[in-house]
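Dear colleague,

I am passing on the structure we spoke about, and below it you will find my notes on what turned up. Please read them with the coordinates open beside you.

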Amino acid sequence: MNFFVRTRKKLSKILKAFFRKRQSRIGIYGPPNAGKTTLSNRIVRDWTGDVVGPVSEIPHETRRARRKEGIVISNSNGNTLTIDIVDTPGVTTKIDYKEFMEYGLEKEEAIKRAREATEGVAEAMHWLREDIDGVIYMLDSTQDPFTQVNIMLVGIIESRKLPVLIVANKNDLPDAAPNRIRSAFPQHPVISISGLEGNNVEELYEKMLDYFG
Amino acid sequence: MIQGVQIDLISAERLDRMTVMEKVRLILDDVMEGNIVVLEKGLSPNEQSQLIEITMREITPDGFSGIEMETYSRDNEAKPGFFGRLMGKKDPGARLTVIGPADQMKTIRKDKDFISTWVSSR
C-alpha cells in the first residue's frame with residue numbers, strides 16, 4: 001500500500017471519528033416493578049438477540065444502572081436509530097429492608113439488597129443529571145400514576161429538557177388503565193404496551209425513531 | 001409530657017437565601033430527628049433530584065428509612081412564555097411541600113388540588 005493511500009485512509013478515519021455524533025443514551029426510568037428491565041431485555045433481544053439483566057417480582061432486582069451500547073432500531077421506511085439503552089434501578093424516596101423479608105428473604109440478604117438498592121437509586125439520579133439524552137418513563141398501568149415520585153421524576157426530566165416517552169406497561173393485565181396515565185401526563189406521548197407479551201412494541205419503536213432520532 | 005410531632009414551617013424568604021445543599025441538609029437533618037418539614041415554596045427539580053440522592057445515602061438498617069414527600073404539581077399554565085420572561089415575569093416554581101420520615105408519614109389521599117396526610121409520633 002503506497003504512502004498516499006495509507007495517509008488518505010488514516011485521515012478519513014480521524015475525520016469520521018471527529019464528526020461522528022455520540023450515540024444517544026436513552027435511560028429507562030420509573031418506579032420499582034414497573035417493568036423497566038423486562039422492556040430493556042425486549043428491546044435488546046429484538047434488535048441484537050442479547051439481554052440486559054434478570055427480572056424478579058421482588059422490588060429492586062436492578063440495583064445498578066446497566067448500559068447496552070449500539071442498539072440499531074429501524075423501520076420499513078429505512079429510518080434507523082442507533083442508541084445506548086440504560087436500564088436503571090427503580091426510583092423511590094424510601095427503602096426499608098423489612099419489605100424484602102416479606103418476599104421470603106433472610107434478614108442479612110434483605111439488608112444487603114436494601115443497601116445496594118439505595119446506592120442504585122442514587123446512581124440512577126446521577127445518570128439522569130449527567131449522562132442521559134432521552135428517557136423512556138415506565139409506569140405499571142395497573143397502578144395509580146399520581147404518585148409523588150412520578151410527578152417529581154417527570155418534572156426533573158422536563159427541567160433538563162430531555163425528550164421523554166411515557167410507557168403504560170402491563171396492558172396484558174385485566175385491570176390495566178393506560179388512560180389514567182394519559183390523563184396524568186397529557187403533555188407527553190403515552191404508549192400502551194406489554195413488555196412481557198410484546199403487545200404494541202412496534203408502536204413504541206416507531207415513536208422512539210421519531211423522538212430520539 | 002404531651003406526645004406529639006414537631007412541625008417546622010420554613011418561609012419562602014428563608015429558602016431563597018439558601019444554597020441547594022443547605023436546603024437539602026436542613027430538610028434531612030430535621031426529618032431524621034422525626035420532625036415534619038413544611039416548605040412554603042417547594043424545591044426546584046434539581047433540588048428534588050439532589051434530595052432523593054442524598055436521602056438514599058442516609059438510609060440505614062433499623063434507622064432512617066427515607067422520606068415521604070408531598071407537593072402539588074407544578075402549574076405549567078402559570079409558567080411565563082418567552083415574552084413573559086422578557087417582560088420580567090418569573091416562573092411560579094414549585095409549590096407548598098410537606099416532607100416527613102417515611103416510617104411516620106403516610107399519604108392518605110392525593111389529588112391535583114388536595115393532599116391528605118397522616119402523621120404518627122415515634
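In chain A of this predicted model, six strands form an open sheet with mixed pairing, and their order across the sheet is β2-β3-β1-β4-β5-β6. The edges are taken by β2(A), residues 66-74, and by β6(A), residues 190-192, each of which pairs on one side only. From one strand to the next, the twist averages 25°.

At the β6(A) edge, strand β5(A), which covers residues 164-169, runs parallel to β6(A) and is joined to it by three bridges. Within this part of the sheet, Ile166(A) stands opposite Val190(A), the latter belonging to β6(A). A helix also packs on the sheet: α5(A), made of residues 148-159, touches β1(A) (24-29), β4(A) (134-140) and β5(A), and the direction of α5(A) makes about 170° with that of β4(A).

Turning to the interface between the chains, 23 residues of chain B are in contact with 23 residues of chain A. On the chain B side, the elements that give two or more residues are α3(B), residues 45-58, and β3(B), residues 67-71, and the largest share, nine residues, comes from α3(B). As for character, the residues of chain B that touch chain A divide into eight nonpolar, nine polar and six charged.

With best regards

Conventions:
Residues numbered from 1 in each chain as written. Chains lettered and ligands numbered in written order. Predicted model: local features only at pLDDT ≥ 70, side-chain atom pairs only at ≥ 80, totals over all residues. Contact = placed C-beta atoms within 7 Å. Helix = DSSP H or I, 4+ residues; strand = E, 2+ residues; numbered from the N terminus. Nonpolar A, V, L, I, M, F, W, Y, C, P; charged D, E, K, R; others polar. Pairing = 2+ DSSP bridges. Axes fitted to C-alpha atoms, helices over the stretch in contact; angles between N-to-C directions.
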